[in-house]
Structure formats: C-alpha cells, structure tokens
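Please work through the model shown here as a set of questions, each answered by reasoning from geometry and accessibility.

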Amino acid sequence: MERIAMIEGGALTRDQEGRSISARRIGRVMIESSGRLSGVYVTIFLIVLFTVLIPENFATSVNARIIISSEAVAVILALALVIALSADILDVSVAGTMGMAVVFVGWLQQQGVNPVWSVVLTLMMGLVVGAINALNIIVLKVPALIATLGMISVLTAIGYWLTDGIGVVSGLSDGFKRAGQAQPFSIPAPVFYMLGVAAIVHYVLEYMPFGRKIRAVGDNRDAARLAGLRVEWLTLKVLLASSGIAAFAGVVYAARLGTAPLDAGDPYLLTTFAAAFLGSTQIRPGRFNVIGTIVAVYLLAIGINGVQFLYPNSSVWLKGLFSGCALIVAVALSVRRRSTS
C-alpha cells in the first residue's frame, strides 16, 4: 500500500496507515511512564531479588508486616514534610516534633492523664510547635532552616527535662497500646492511620483550592503575593498542618511500641527527607506528592531491610549510610525534575 507522509514543522505527523504518529506516541508514553513509575519498578525488582537470595528471612509474612507497620509512621511523618516542602518551607523540625510527641503522650499517661486527653493534648502541643515556627519565620524573619533546626534542640531539651533523660518505659495505658498494636484483618493498625492521613493530604493537595495555593506559594512566593494570595497566612496554616501531622506520627509510634524513648524521632530525619524528595520524582515528577512519597518510603525500607539480612553485622551503620546516599541522589533527581518540568 502506498504510504503518504505529511511533513509539518519538519516532523512526520501522519502516514496513510497512521502508524508513525501512534508509534511515537506509544514510545513517548512508555518513556514517560518508565520515569514516573521507576520507583515502583525498582521496588518490585528489590522484592524479587531479596526473595530469591534470602527467602527464609525476607519472604515471610512476619517480615512483611514489620516493614509495613514500622514504615507507616515514616510515611505519616514524610507527609507532614511534603506539605511544608510544597510551600517551599524547609521544616526540619518534623522529626523533633514527632520525638517530642512520643515522649509527651507517654509522660502525660504516666502522670495519670486519660489516654484520650493525652492524645488530644499531644496534638495541641504539635500545633503550638507549628505556631512558634510560624512566629519565628513570619514575624521574626528567621530563615526556616535555622528556625526549625533550633526548634529541634528546644524540643529535645524539654523531653529530657520531663523524663529526667530516661524517656517513658512504663505507665502507658493498655487501651492506648492496643490502638497501636491491634491487627484487624491481619493488617497492623498503624497502616490504617497511615492510609487515613495519606487520603486527607492527597485530597487537600490535589483537589482543594488550599492545595493549589500552597503549590503557588512554593513555586514562586513573590508571584503568589502579587496574585493576591495571603502568603504569610498560608505559611502559618502549612506549618500548623505539618507540625500537627508530625505530632500524630509520634502518637502512633508510641502506641505501636508501647513505650516512649527520647530519641524516637532521630532515625526518621534523613529517611523522611530522602522519601519526600525521591517521591517528588515519582508519579507526578517535579511536584511533591503523596503517592510518590509512599512509594519512596517503602522502596528505601525494602532496600535497607534486604541488605541488613544479607549483611547482618552492618545493621548499626547501614541505615544511616543508605538514607544519606538516598537523600543526596533524591535531591539531585528532584532538582533536575523540577527544573525541566
């Protein structure tokens, strides 16, 4: 059959059978999809790899539940950071707020406070932290990185003062611990909390005007102000939401563990940042997003878990090394994505 090609702007756009343009579209879609879903592919590859290499340790239902349950807290904390980063606010205090929430909710119950009220007061503590961060950043004009970094030290000091430097090892109510350790339908309870927070944050960021305003502020703060957005008011709301969710992550952590150690938030700092930035290269490249962040958290967790089984003597330092390298790579990829999107 005779092929008739049409040249438009130097590019082949259609032939008689319509094959050229469809082939190009399919190829372009495949390339774009491979980039957006590369984290999913890597995760599947790691699962298959470790299942083949260490089936007796990695490919067990117990290990799967441990990964899903323990990383649910990391996802909640990463989502707190995603909200702040969407508005271009580098809130490094989320891990400190989570650690303080762990200690505070345990300390309140140890003092005889009702578990429900201890949770409410802890969430309010998180909002207070967000308000103080906003005061320092908006009113006092302290750079967000410095203001939130200083907040970490303040929260750590308060935690030591409340518990005499030993954390809370007993006194948490049984009902509170059951709320974190239950497994309805054989699924750890923290997973349900994670899904609830993820659904809310995803809806707010993707479908509500508030989410679009946050992204507008994050893309260009001056342009957003010229467009009539109340940037300072939005910044306050973002910091309140970020700290409130971080405090909730601390409550879930304490309920799941049944104790309240002082250093609970420290291991999550690098992992959370690595997941948020790596997540911005997935699903919706160039934008901090919820689904990409969840994929990134579990990609990192599965990688660390599998390598720790392969090299058990390296467990002390491996997580820090893995998270640090992942953070550097994730930020580099995120910057590249955002500059080309």
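The questions below concern a predicted model, and they go from the whole chain to helix packing, aromatic rings and single residues.

Q: How many helices and strands does the chain have?
A: The secondary structure of this predicted model is assigned along a chain of 341 residues, of which 45% count as buried. The chain is made up of 14 helices and two strands.

Q: What share of the contacts with a separation of 6 or more joins residues 24 or more positions apart?
A: The contacts concerned are those in the chain between residues at a separation of 6 or more. Among these, the part owed to residues 24 or more positions apart is 72%.

Q: What percentage of the accessible surface of the chain belongs to carbon and sulfur atoms?
A: The total to be divided is the accessible surface of the chain, about 17,000 Å². The part of this surface that belongs to carbon and sulfur atoms is 67%.

Q: Are helix 3 and helix 11 roughly parallel or roughly antiparallel to each other?
A: Two packed helices are described by the angle between their axes and the distance between the axes. For helix 3 (residues 61-86) and helix 11 (residues 231-257), the axes are 8 Å apart and the angle is about 170°. Angles over 145 degrees count as roughly antiparallel, so helix 3 and helix 11 are roughly antiparallel.

Q: How many nonpolar residues are there in the contact of helix 3 with helix 11?
A: Helix 3 contributes residues including Val-73, Ile-76, Leu-77 and Leu-81, while helix 11 contributes residues including Val-238, Ile-245, Phe-248 and Val-252. Ser-69 and Ser-70 of helix 3 also take part, as do Ser-242 and Arg-256 of helix 11. Divided by class, the contact has one charged residue, three polar residues and, as the remaining class, nonpolar residues numbering 15.

Q: How are helix 8 and helix 9 placed relative to each other, roughly parallel or roughly perpendicular?
A: The axes of helix 8 (residues 189-207) and helix 9 (residues 209-219) come within 5 Å and cross at roughly 70°. Angles of 65 to 115 degrees count as roughly perpendicular, and helix 8 and helix 9 are therefore roughly perpendicular.

Q: How many charged residues does the contact of helix 8 with helix 9 have?
A: On the side of helix 8 the contact is made by Val-204, Leu-205, Glu-206 and Tyr-207, and on the side of helix 9 the residues include Pro-209, Phe-210, Arg-212 and Arg-215. By class, six residues of this contact are nonpolar and one is polar, while the number of charged residues is three.

Q: Why is the pair of Phe-50 and Phe-58 classed as it is?
A: The whole structure holds seven aromatic pairs. The ring centres of Phe-50 and Phe-58 are 5.5 Å apart, and since their planes stand at 55°, the pair falls in the class called tilted.

Q: Which residue forms an aromatic cluster together with Phe-273 and Phe-277?
A: Phe-273 and Phe-277 form a stacked pair, with 6.5 Å from centre to centre and 20° between the planes. Both residues lie in helix 12 (residues 268-279), four residues apart, which is about one turn of the helix. Phe-273 is buried at 9% relative accessible area, and Phe-277 also counts as buried at 13%. The residue that joins Phe-273 and Phe-277 in one aromatic cluster is Phe-288.

Q: Which residues is Thr-271 in contact with, leaving aside its neighbours within four places in sequence?
A: Thr-271 has its place in helix 12, and its relative accessible area of 7% makes this residue buried. With the neighbours within four places in sequence left aside, Thr-271 is in contact with Leu-300, Lys-319 and Ser-323.

Q: Is Asp-164 buried or exposed?
A: Most residues other than glycine have a negative phi. Asp-164, in the loop between helix 6 and helix 7, has a positive phi near 60°. Its relative accessible area is 68%, and a value over 50% makes a residue exposed, so Asp-164 is exposed.

Q: What is the relative accessible area of Phe-185?
A: Phe-185 is placed in the loop between helix 7 and helix 8, and its phi is positive, near 60°. Phe-185 is exposed, and its relative accessible area is 75%.

Methods: Residues are numbered from 1 along each chain as its sequence is written. This is a predicted model: local features need pLDDT of at least 70, side-chain atom pairs count only at pLDDT 80 or more; totals for chains, interfaces and linings use all residues. Side-chain values use heavy atoms; hydrogens and water are left out. Axes are lines fitted to C-alpha atoms, for helices over the stretch in contact, and angles run from 0 to 180 degrees between N-to-C directions. Angles under 35 degrees count as roughly parallel, over 145 as roughly antiparallel, 65 to 115 as roughly perpendicular and the rest as oblique. Contact means heavy atoms within 4.5 Å. Ala, Val, Leu, Ile, Met, Phe, Trp, Tyr, Cys and Pro count as nonpolar, Asp, Glu, Lys and Arg as charged, and the others, Gly among them, as polar. Rings of Phe, Tyr and Trp (its six-membered ring) pair if their centres lie within 6.5 Å; planes under 30 degrees apart count as stacked, over 60 as edge-to-face and the rest as tilted. Buried means under 20% relative accessible area, exposed over 50%, partly exposed in between (1.4 Å probe, protein chains only). Accessible areas come from the Shrake-Rupley method with a 1.4 Å probe; for residues, only the protein chains shown count as cover.
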